[in-house]
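The exercises below are meant to be worked with the sequence and the 3D view side by side. Try each task before reading its solution.

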Amino acid sequence: MTTNSSAPPERLVFQPDTSLSLQRGINLIVDALRPTLGPIPRTVAVSQALEDKPPDLLDKGGLIARRISDLPDRDADMGAMLLRQMLWQLYEDCGDGTATAAVMFQSIYNDGLKYLAGGGNAMRLRSCLQAYADLVVDRLDEMTKPIAGREQLAQLAECICHDRELAEKLGEIFDFIGEHGQLDVRRGHRRMIEHDYMKGMYWKRGAVSRAMLKGGKEQDRIVMNGAAILLSDLNIEDPGALLPVIDMLMRAGAKALLLVGASFSENVINLILNNKKPEKFRIVAVKTPGNTDDERRAHLSDMAVITGAIPLFKAAGDTLSTPLSTPPASPAGIQNIRDTASSEGSATPSRRDAGRATYFGQAKQVWVERSMFGLVSDRDDQDALTEHLADLLELVEYANDKDAEVFLRERIGKILGGVAILRIGDALPARMDSRIAIAKETAKSLRRAIRDGILPGGGVALLACRDALTEAPEPGGDSDARAARRILLRALEAPIRSICHNAGFDAAKLAELDGGPPGHGIDVRCGEVTDMVEAGILDVASVIEAALRGAVSGAGLALTIDVLLHHKIPEQSYTP
């Protein structure tokens with residue numbers, strides 16, 4: 001047992017030490033993030049835990065803030081962790097905007113402290129800041145425009161990732177797949193970025209045995225046209241229960257079966273692999289997509305709408321014998337089983353059964369690989385699909401859990417059928433992994449831009465919102481409101497000032513924007529005043545709004561903190 005006998009005792013910190021301590025921690029975080037803002041960012045080197053590894057070079061504010069913890073000054077550490085939490089939450093939600101939020105947070109907090117030192121009221125100041133922030137958000141909404149076309153998507157992507165080659169690929173991809181389409185970012189096998197598109201929709205579950213994929217035209221991939229599909233979340237363990245299903249389909253004239261189940265026993269897999277004539281009837285088994293029961297049920301319901309099948313659920317008491325009571329329907333490629341069943345002496349379904357939906361579905365094409373499988377629908381009746389899609393879109397609107405919203409959007413993307421694969425290759429594995437991570441973050445921002453619109457970039461949109469504050473009614477004798485407006489006016493300038501400073505321009509450069517046309521700013525890549533939208537310098541509207549709200553609410557909360565309480569660090573053990 002190793003104990004920390006010299007641990008600092010529990011103690012309280014009061015004003016003015018409270019505010020000064022928080023300010024030190026906040027300034028430390030922001031000073032580390034400020035160099036990353038703008039199209040000419042500098043990087044932050046973060047040491048690795050292992051001494052023989054080189055440091056990570058980062059230019060993403062959220063990641064840099066995440067790597068900062070346990071500052072030696074425990075008082076300053078509280079301020080740093082307060083800001084760090086806000087920035088990480090913003091990064092998780094939006095994937096961008098953290099450096100912008102950080103510099104505004106710092107500006108609001110530092111100017112707020114000066115006002116409070118002169119006798120201002122922290123709670124009134126916080127309330128007024130929130131009210132003025134609402135005016136700024138309204139002005140941002142008025143300035144927001146929809147993003148249009150491949151070129152503008154590529155321009156926005158370059159503003160986010162600062163990688164022209166990657167940005168052009170992502171612009172082309174999202175012009176094709178739209179907001180909800182699926183994008184699979186993978187490691188490439190060549191020293192370049194490649195992409196291609198796929199028909200239909202796919203799930204990340206492959207064949208339960210690689211041997212099931214043998215005999216196809218491509219290695220480790222099998223394609224089945226007009227296959228019957230049986231969907232379930234059953235644990236399929238008894239080969240004897242599967243045989244009547246296979247017999248029914250073969251007598252119906254089916255040539256292939258995609259069998260979806262939660263798990264398959266070794267005996268069932270051996271039964272499938274012992275098929276001596278796969279050219280006459282091929283079976284491929286895949287596990288039900290999803291990591292939880294709820295996810296599996298959701299994926300099965302999506303596949304059911306696409307294929308016209310009725311899934312079998314173990315919670316409902318279904319078994320493999322359940323489909324035997326309702327034989328396959330009669331799509332192209334499958335003979336009507338009722339005639340066959342009658343000739344064999346089997347029970348013929350009643351007229352009521354004949355009108356019922358079948359447990360078996362069908363797709364125009366099914367393809368299965370080692371790690372995924374996909375379906376290309378051939379359903380002519382789109383009413384059920386449209387209704388199902390409308391239900392999912394409504395659920396997205398009311399989703400209050402971030403993970404649930406992401407999952408719903410993935411399901412919508414699968415149903416809409418836009419699928420792209422982006423393969424990123426590089427000579428250096430570390431750089432390849434870095435570009436893959438950047439591609440995923442940029443894709444998240446592009447989806448938001450398609451959904452929420454864009455604003456002029458480079459800090460110009462926030463700078464233009466100063467008019468919304470100056471045009472607001474004069475607060476009269478309310479000194480807290482006047483201070484809040486003055487503080488927020490300065491904060492709206494902070495991002496563009498930092499961008500110019502990082503590019504090597506002094507504050508006098510901003511004077512060139514005075515009296516200029518709306519939407520114009522400084523393209524720091526060339527030092528010219530230009531129309532930011534025409535120059536392709538763009539920001540995602542919802543990201544800028546989230547950065548503003550996070551900075552105002554976070555700094556306003558920090559200004560109301562009067563006391564710091566440090567708990568004694570408990571004894572620590574490094575043995576099991």
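**Exercise 1.** State how many salt bridges the model holds by the distance rule, and work out what the pair of Arg 490 and Asp 111 ties together.

*Solution.* In this predicted model, the count comes to 36 salt bridges. In one of them, the side chains of Arg 490 and Asp 111 meet with an N to O distance of 2.9 Å, which satisfies the limit of 4 Å. Arg 490 belongs to helix α18 (residues 479-502) and Asp 111 to helix α4 (residues 98-117), so the pair ties together parts that are 379 residues apart in sequence. Asp 111 has a relative accessibility of 13% and therefore counts as buried, because the threshold for that class is under 20%.

**Exercise 2.** Classify both partners of the salt bridge between Arg 435 and Glu 165 as buried, partly exposed or exposed, and place them in the chain.

*Solution.* The closest N and O atoms of Arg 435 and Glu 165 are 3.4 Å apart. This pair links distant parts of the chain, with Arg 435 in helix α15 (residues 429-452) and Glu 165 in helix α7 (residues 164-177), 270 residues apart. At a relative accessible area of 14%, Arg 435 is buried, whereas Glu 165, at 36%, is partly exposed.

**Exercise 3.** Describe the salt bridge of Arg 525 in the same manner.

*Solution.* Arg 525 pairs with Asp 523, their closest N and O atoms being 3.0 Å apart. Arg 525 is partly exposed, with a relative accessible area of 48%, while Asp 523 is buried at 9%.

How values were computed
Residues are numbered from 1 along each chain as its sequence is written. This is a predicted model: local features need pLDDT of at least 70, side-chain atom pairs count only at pLDDT 80 or more; totals for chains, interfaces and linings use all residues. Side-chain values use heavy atoms; hydrogens and water are left out. Helices (H or I, at least four residues) and strands (E, at least two) are DSSP runs, numbered from the N terminus. Buried means under 20% relative accessible area, exposed over 50%, partly exposed in between (1.4 Å probe, protein chains only).
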